[in-house]
Amino acid sequence: MKKLINDPRSVVEESVQGFGLAHAGLVTVSTDPTFITRKEAPVNRKVGLVSGGGSGHEPLHAGFVGQGMLDAAVPGAVFTSPTPDQILPATLAVNSGAGVVHIVKNYTGDVLNFETAAELAEAEGVSVRTVLVNDDVAVEDSLYTAGRRGVGGTLLVEKIAGAAAERGDDLESVAGIGERVNANVGTMGVALSACTVPHAGSPSFDLGEDEIEIGIGIHGEPGRHRIPMENADGITERLLEPVLGDLKVQPGDKVLLFVNGMGGTPLSELYIVYRRAAQILADRGAVVERSLVGNYITALEMQGCSISVLRLDDELTELWDAPVHTAALRWGV
Amino acid sequence: MVLDVVWAVKWLTLCAQAMAEHRVELIELDRAIGDSDHGENMDRGFQAVLDKLAEAAPETPGAALKLTAMTLMSKVGGAAGPLYGTAFLRAAAALGDSAEIEPAAWAGALAAARDGIVARGKAEPGDKTMVDAWTPAAEAARAAAENGGPDVLTVLVAAAEAAEAGAVATDPLMARKGRASYLGERSIGHRDPGAASTALILRAAVGAAA
């Protein structure tokens, strides 16, 4: 397929360079190895937050580096986790002495590489706590899989834990809040079309013109099952019901509703999904206190979306509302 | 034939050649049940190994394997980087400073590599991962070393053939670890890319001794 690139092997490098130029006031881009840090890092006495993963999910993670969110992002090759030789210097660069939290999506590669980097950082005297994000309710049987994946909830963990770090929480508290977000968020996604990894050249999977894939991950890896195409309301019900079941959402619960685009679906369609999801939540007696709609955790040009529901409490709401200033998310500043 | 550092460097060079030649095939295997990156990552990783070997000129097989381990760990990414990195690191540790590898030592290095992969990735035989190639390879090498006397080529061939058979035997399995596990029954009928690249690596070890 046609792609707006120069060379499949330099996609990440050139994209990160452009990101650094576009947001020079917010971030510093380090090369060889590649990682992105908040301009002011390390921020005095603040716990540092580092996340990362394969590229192709933009704006995740570099787009969330800045005040009130991440201190560093470590991009791997497209859909490939970054390596310890990137994660370690990023961790050291954002350590003010208060320790560093690694926010890791639960994929085998990400877990193994961050685990290795955390061991190396500890050996250099930096305290590291890892928050594993595994909000994908599509993966049912953890015993026979690598476990639930980290998907849309990752943004919510990064925002809320980032706000906790910004207000001065210590390492244990920041990690604890990240884990609390993860425990209270569920996500399920759908693909209407596949995506094409630049160096692979052909789509990551074959999906018929009249088929959709329910329970898709964010790497174009196939999901739970494949069904004939349905309308937006029907698809929304299929995604939201398992999420509400998993979270055991009760009448009166306050929630944040997040409809995330996979990169190839227009915002207008995401709002059609949001509309039905909000109706379903209202029917259940849940109160949608906060919302987010947009392309934030993408899978290249895949068409589709994911729906995340986060059960809020007063503290989580306050931290969600706290000022944030990053390339992709900004309010209160 | 002795397995010295010249053999080790030739082995790693042939590994790099094999990854370049089979890059698209590994991408296709991964495309079916994963995320299309295995061939690209292994090719990039072993090209980096060649660069490092040219710079460092290691003096023992163990040193060459240790250099390979560190390079793969820092260049490959994904699950394969830490897993192959651990495999080569454990194999290097098992070989120590020896200038030449005896048949039993090769079998021991393969067993150490396998144990390292299992410790790191927590997969067991039958989970449809690279463990399904490493386990029969290590066992075949041990049996060949016990029965075959001093002929090291026999041991290398036994390990390579067992790894190849092990990779083929992943076809009917349902994945229980790694990214393919999300597919459940739909992973059946596809070869595990990590088992396939393991077979290429152990076949290259034979080529280097031939």
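Which residue just after helix 3 of chain B takes a positive phi? Keep that in mind as you click around; we'll get there shortly. One thing before starting: what you have open is a predicted model.

**Stop 1: helix 3 of chain B**

Select residues 38-56 of chain B, which make up helix 3. Try a distance between the C-alpha atoms at its two ends: they are 27 Å apart. At 1.5 Å a residue, the 19 residues here should span 27 Å, so the two figures agree.

Now step just past the helix and pick Ala57(B). That's the answer to the opening question: Ala57(B) has a positive phi of about 45°.

Go back to the helix and colour its buried residues: His38(B), Gly39(B), Glu40(B), Asn41(B), Met42(B), Asp43(B), Gly45(B), Phe46(B) and Val49(B). What covers them? From chain B, the cover includes helix 1 (5-21), helix 2 (23-33), helix 4 (61-75), helix 5 (80-95) and helix 9 (193-209). Chain A joins in too, with strand 5 (72-78).

**Stop 2: where the chains meet**

Show both chains. Here 25 residues of chain B are in contact with 28 residues of chain A. On the chain B side, helix 2, helix 3, helix 4 and helix 5 each give two or more residues. Helix 4 of chain B gives the most, with 3 residues. Colour that side by class and you'll get 6 nonpolar, 9 polar and 10 charged residues.

**Stop 3: strand 8 of chain A**

Move to chain A and select residues 185-191, which form strand 8. Is this strand mostly covered or mostly open? Mostly covered: 7 of its 7 residues are buried. Val185(A), Thr187(A), Gly189(A) and Ala191(A) point one way, while Gly186(A), Met188(A) and Val190(A) point the other.

Next, add strand 13 (residues 304-311) of chain A, which runs antiparallel to strand 8 and is joined to it by 7 bridges. Look for Val185(A) opposite Leu310(A). Then add strand 9 (residues 211-214) of chain A, also antiparallel to strand 8, with 2 bridges joining them. In this pairing, Ala191(A) stands opposite Glu213(A).

**Stop 4: two crossing helices in chain A**

Finally, select helix 4 (residues 153-166) and helix 8 (residues 314-321) of chain A. Their axes are 8 Å apart and the packing angle is about 85°, so the two helices are roughly perpendicular to each other. Zoom in on the contact: helix 4 brings Lys159(A), Ile160(A), Ala163(A) and Ala164(A), and helix 8 brings Leu316(A), Leu319(A) and Trp320(A). By class, that makes 6 nonpolar, no polar and 1 charged residues.

Note on methods
Residues are numbered from 1 along each chain as its sequence is written. Chains are lettered from A and ligands numbered from 1 in the order in which they are written. This is a predicted model: local features need pLDDT of at least 70, side-chain atom pairs count only at pLDDT 80 or more; totals for chains, interfaces and linings use all residues. Helices (H or I, at least four residues) and strands (E, at least two) are DSSP runs, numbered from the N terminus. The expected span of a helix is 1.5 Å times one less than its number of residues. A residue is buried if 20 or more other C-beta atoms lie within 10 Å of its own, exposed if 12 or fewer, and partly exposed in between; C-beta atoms are placed from the backbone. Two residues are in contact if their C-beta atoms, placed from the backbone, lie within 7 Å. Ala, Val, Leu, Ile, Met, Phe, Trp, Tyr, Cys and Pro count as nonpolar, Asp, Glu, Lys and Arg as charged, and the others, Gly among them, as polar. Two strands pair if DSSP finds at least two bridges between them. Axes are lines fitted to C-alpha atoms, for helices over the stretch in contact, and angles run from 0 to 180 degrees between N-to-C directions. Angles under 35 degrees count as roughly parallel, over 145 as roughly antiparallel, 65 to 115 as roughly perpendicular and the rest as oblique.
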